[in-house]
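Hi everyone, thanks for making time this morning. I'd like to walk you through a structure that is probably new to most of you, so let's put it on the screen.

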Amino acid sequence: MATISLRKGNTRLPPEVNRVLYVRNLPFNITSEEMYDIFGKYGAIRQIRIGTNKDTRGTAFVVYEDIYDAKTAVDHLSGFNVANRYLIVLYYQQAKMSKKFDQKKKEEELTKLQEKYGVTAKDLK
């Protein structure tokens, strides 16, 4: 019932707190049902997306209906042990995610240009 005390106290939440959580270090074979069991204890869940391809395995997004439920889940599940793996539960931040994506995109473009013009890493040094 920690969420009730948060709401009644009219507590101001930090700016990074939102309803979408980014979960890392998940076991690769975790199911949606197990995710709902773990995260559903802290409030109503709108959606869970589990990474399935090579780059996103072991990660998931969990979207709560209420921001206070998401905060409670982060407080309780960060470091939670699931199948001998300790979960890393963070608030999703669009700016940080897009920076990672932009970095990968830039590296791919650089590699293509190096191939196109026949430049290797040795030539650059």
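Before we look at how helices lie on strands, one term: when I say two parts are in contact, I mean that they have heavy atoms within 4.5 Å. Please also keep in mind that this is a predicted model.

Let's start with the overview. The protein chain has five helices and six strands. Reading from the N terminus, the elements go α-β-α-β-β-α-β-β-β-α-α. Of the 125 residues in the chain, 27% are buried. Among the contacts with a separation of 6 or more, 66% are between residues 24 or more positions apart.

How far can we trust the picture? The mean pLDDT of the chain is 84, and 82% of the residues reach 70 or more. Among the elements, S3 has the highest mean, at 96, while helix H1, residues 2–8, has the lowest, at 49. For residues 1–5 the pLDDT is below 50, and this stretch makes three contacts in the model beyond its near neighbours in sequence. As a general point, coordinates predicted with low pLDDT should not be read in detail.

Now to the sheet. It is open, with four strands in the order S2-S3-S1-S6, and the pairing is antiparallel. S2, residues 45–50, and S6, residues 88–91, are the edge strands, each pairing on one side only. From one strand to the next, the twist averages 20°. If you zoom in on S2 and S3, residues 60–64, you will find five bridges in the antiparallel sense. One pair to look for there is Ile48, whose bridge partner in S3 is Val62.

Which helices go with the sheet? Helix H2, residues 32–39, lies across S1, S2, S3 and S6, and runs at about 135° to S2. Helix H3, residues 67–77, packs on the sheet too, touching S1, S3 and S6, with its direction at about 150° to that of S6.

H3 deserves a second look. It is mostly covered, with eight of its eleven residues buried. The buried ones include Tyr68, Asp69, Lys71 and Leu77. After H3 comes Gly79, which has a positive phi, near 90°.

That takes us inside. In soluble globular proteins, nonpolar side chains tend to be buried together. Here, the largest nonpolar core has 21 residues, and Leu21, Met35, Phe39, Val62, Tyr64 and Val89 touch the most other members. S1, H2, S2, S3, H3 and S6 each give two or more residues to this core, and H3 gives the most, with four. Take Leu21 as an example: leaving aside neighbours within four places in sequence, its contacts include Val62, Tyr64, Ala73, Val74 and Val89.

I'll finish with one residue, Glu65, which sits in the loop between S3 and H3. Is Glu65 buried, exposed or partly exposed? Its relative accessibility is 39%, and because partly exposed covers the range between 20% and 50%, that is how Glu65 counts. What does Glu65 touch, beyond residues up to four places away in sequence? The answer is Arg19, Ala44, Ile45 and Arg46. With Arg46, the side chain of Glu65 makes a polar contact of 3.0 Å. The C-alpha atoms of Glu65 and Val20 are 9.2 Å apart, with their positions 45 residues apart along the chain.

Thanks for listening, and I'm happy to rotate the view if anyone would like another look.

Methods:
Residues numbered from 1 in each chain as written. Predicted model: local features only at pLDDT ≥ 70, side-chain atom pairs only at ≥ 80, totals over all residues. Heavy atoms only, no water. Pairing = 2+ DSSP bridges. Axes fitted to C-alpha atoms, helices over the stretch in contact; angles between N-to-C directions. Buried < 20%, exposed > 50% of the residue type's maximum accessible area, 1.4 Å probe, protein only. Polar contact = N/O pair within 3.5 Å; in protein donor to acceptor, adjacent residues only side chain to side chain. pLDDT = per-residue confidence, 0-100. Core = buried A, V, L, I, M, F, W, Y, C linked by side-chain atoms within 4.5 Å.
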